[in-house]
Amino acid sequence: MTYDIVPLPMAVKFLRDLLKEFPFADDGGRSLSVQVAAMVSRFLVIDGSAQIPFFCWNANSPRSGKSLLIKIVEIPVAGYCRMMALPEEKEEVVAETRAIA
């Protein structure tokens with residue numbers, strides 16, 4: 001499988017256009033950068049030989065697009081996206097994350 005090299009300015013424009021409607025925090029671009037890092041890092045472990053980085057999405061309001069941001073990361077690589085909400089109790093969160101790791 002081969003890919004054409006996309007010039008950096010065109011790639012940056014594509015990603016900014018793709019993500020421009022999301023209400024990222026006004027933090028100097030950090031939140032947007034973390035989303036792009038999640039997207040890129042997921043492609044680096046396609047063969048399954050390396051550990052997959054763990055990202056967690058959080059927002060101050062419902063319907064902010066967290067699920068869609070996760071799907072943008074996972075579906076291009078895996079073809080599907082298994083979703084789950086974390087439990088309220090800290091101990092249950094630890095147990096859940098260990099179970100999926």
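Here is a friendly exchange about a predicted model of one protein chain.

Colleague: Happy to dig in! How many helices and how many strands does the protein chain have?

Modeller: Since this is a predicted model, everything here is read from computed coordinates. From the N terminus on, the elements run α-α-α-α. The tally for the protein chain is four helices and zero strands.

Colleague: Nice and simple. What share of the residues is buried?

Modeller: Let me start with the surface: the accessible area of the protein chain is about 8,400 Å², and carbon and sulfur atoms hold 58% of that. A residue counts as buried under 20% relative accessible area. Of the 101 residues in the protein chain, the buried share is 13%.

Colleague: Which helix gives the most residues to the largest nonpolar core?

Modeller: Good one! In general, nonpolar side chains tend to be buried together in soluble globular proteins. Here the largest nonpolar core has seven residues, namely Leu19, Phe22, Ala38, Met39, Leu69, Ile72 and Val73. At least two of these residues come from each of helix 2 (30-43) and helix 3 (66-78). With three residues, the biggest giver is helix 3.

Colleague: Let's stay with that core. Which residues does phenylalanine 22 touch, leaving out those up to four places away in sequence?

Modeller: Phe22 belongs to the seven-residue core, and a contact needs heavy atoms within 4.5 Å. Two of its partners, Leu69 and Ile72, are also listed in that core. The full set touched by phenylalanine 22 is Ser64, Gly65, Leu68, Leu69 and Ile72.

Colleague: On to charges. Why are aspartate 17 and lysine 13 about one helical turn apart, and what is the N to O distance in their salt bridge?

Modeller: Both residues sit in helix 1 (residues 8-19), and because they are four residues apart there, about one helical turn separates them. Aspartate 17 is partly exposed, at 36% relative accessible area, while lysine 13 counts as exposed at 52%. Their side chains meet in a salt bridge with an N to O distance of 2.7 Å.

Colleague: And the pair of arginine 42 and glutamate 74: are these residues buried or exposed?

Modeller: Their side chains form a salt bridge at 2.8 Å, N to O. This pair links distant parts of the chain, with arginine 42 in helix 2 and glutamate 74 in helix 3, 32 residues apart. As for accessibility, arginine 42 and glutamate 74 are both buried.

Colleague: Last one! Among contacts with a separation of 6 or more, what percentage joins residues 24 or more positions apart?

Modeller: The bridge between arginine 42 and glutamate 74 already spans 32 residues. For the contacts of the protein chain with a separation of 6 or more, the part from residues 24 or more positions apart is 40%.

Terms used
Residues are numbered from 1 along each chain as its sequence is written. This is a predicted model: local features need pLDDT of at least 70, side-chain atom pairs count only at pLDDT 80 or more; totals for chains, interfaces and linings use all residues. Side-chain values use heavy atoms; hydrogens and water are left out. Helices (H or I, at least four residues) and strands (E, at least two) are DSSP runs, numbered from the N terminus. Buried means under 20% relative accessible area, exposed over 50%, partly exposed in between (1.4 Å probe, protein chains only). Accessible areas come from the Shrake-Rupley method with a 1.4 Å probe; for residues, only the protein chains shown count as cover. A nonpolar core is a set of buried Ala, Val, Leu, Ile, Met, Phe, Trp, Tyr and Cys residues joined through side-chain atoms within 4.5 Å. A salt bridge is a side-chain nitrogen of Lys or Arg within 4 Å of a carboxyl oxygen of Asp or Glu.
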